[in-house]
Amino acid sequence: MKKFIFGVIGILLIVITVLGYRNINKLFPENKITKVPMGSQIEYQEDIYISVLEKEVLSKKESEELYEETMYNVPFESRVLKVVLELENRGEEKREVLVSDLNMESKGMGNGVSPEYTGILGGEETIRVELEPGERKQKIIGYDILSNQINKKEWKEIEERKFYLTFALYPEKKMLELE
């Protein structure tokens, strides 16, 4: 009799779990992914449009020089990803834009903006951009690419790796392609 009761309870738990997953998937459908090629614009924030003009994985030597300048001690072999953005204010009011939510992604890894590198690479020690109505500005930002996030074979080909800047995840994932 106990086996029967445990069997019925087990089956009920499985049915409840399956129905719960279905209900959650109905409430929160899979997100749409939008990938924007380099040079193309997308609305980043209200009235603010963004595009990627160029990207460069700095050489090992250039990255090490940058680390020395920031006095940042990286415990792993690493490189710096330099990205040149263009921001445009299409609104009618002056806007201050923070680029701190532009996260770098690649297969199996990711990282946030490094304010230290951004200051040195772009000549401004800020991740803020002030834009007058109708104004366009370029902003250089930097990211760490750490060797412990990538297998050794892929690390040797880091310059060819696909990278993205992601700034929205749900219900639409918005990605700026860096290639």
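**Figure 1. A salt-bridge network in the predicted model.** E86, E88, R90 and R136 are linked to one another in a network of salt bridges. The structure shown is a predicted model. A search of the whole structure finds ten salt bridges. Side chains of opposite charge can pair when their charged atoms come close.

**Figure 2. The salt bridge between R79 and E159.** The side chains of R79 and E159 meet at an N to O distance of 2.4 Å. This pair links distant parts of the chain, 80 residues apart: R79 belongs to strand 4 (residues 78-89), whereas E159 lies in the loop between helix 4 (152-155) and strand 10. R79 has a relative accessible area of 9% and is buried. E159, at 34% relative accessibility, counts as partly exposed.

**Figure 3. Salt bridges of E154 with K107 and R161.** The side chain of E154 meets that of K107 in a salt bridge of 2.8 Å, N to O. Distant parts of the chain are linked by this pair, with K107 in the loop between strand 6 and strand 7, E154 in helix 4, and the two positions 47 residues apart in the numbering. The side chain of E154 also forms a salt bridge with that of R161, at 3.2 Å from N to O. The accessibilities of the three residues are as follows: K107 is exposed at 60%, E154 is partly exposed at 22%, and R161 is buried at 11%.

**Figure 4. The open sheet of five strands.** The strand order is 1-11-10-6-7, and the pairing is mixed. Strand 1 (32-36) and strand 7 (109-111) stand at the edges; each has a single partner strand, so one side of each is left without a neighbour in the sheet. On average, neighbouring strands of this sheet are turned by 30 degrees against each other, direction ignored. Strand 1 and strand 11 (residues 172-177) run parallel and are joined by five bridges. Within this pair of strands, V36 stands opposite L176 of strand 11.

**Figure 5. Strand 10 and its partners in the sheet.** Four of the five residues of strand 10 (residues 164-168) are buried, so this strand is largely enclosed by the rest of the structure. Three bridges connect strand 10 with strand 6 (residues 103-106), and the two run antiparallel. M104 is placed opposite L165 in strand 10. Strand 10 also pairs with strand 11 in the antiparallel sense, over four bridges. These two strands form a hairpin with three residues between them. L165 has L176 as its bridge partner in strand 11.

Conventions:
Residues are numbered from 1 along each chain as its sequence is written. This is a predicted model: local features need pLDDT of at least 70, side-chain atom pairs count only at pLDDT 80 or more; totals for chains, interfaces and linings use all residues. Side-chain values use heavy atoms; hydrogens and water are left out. Two strands pair if DSSP finds at least two bridges between them. Axes are lines fitted to C-alpha atoms, for helices over the stretch in contact, and angles run from 0 to 180 degrees between N-to-C directions. Buried means under 20% relative accessible area, exposed over 50%, partly exposed in between (1.4 Å probe, protein chains only). A salt bridge is a side-chain nitrogen of Lys or Arg within 4 Å of a carboxyl oxygen of Asp or Glu.
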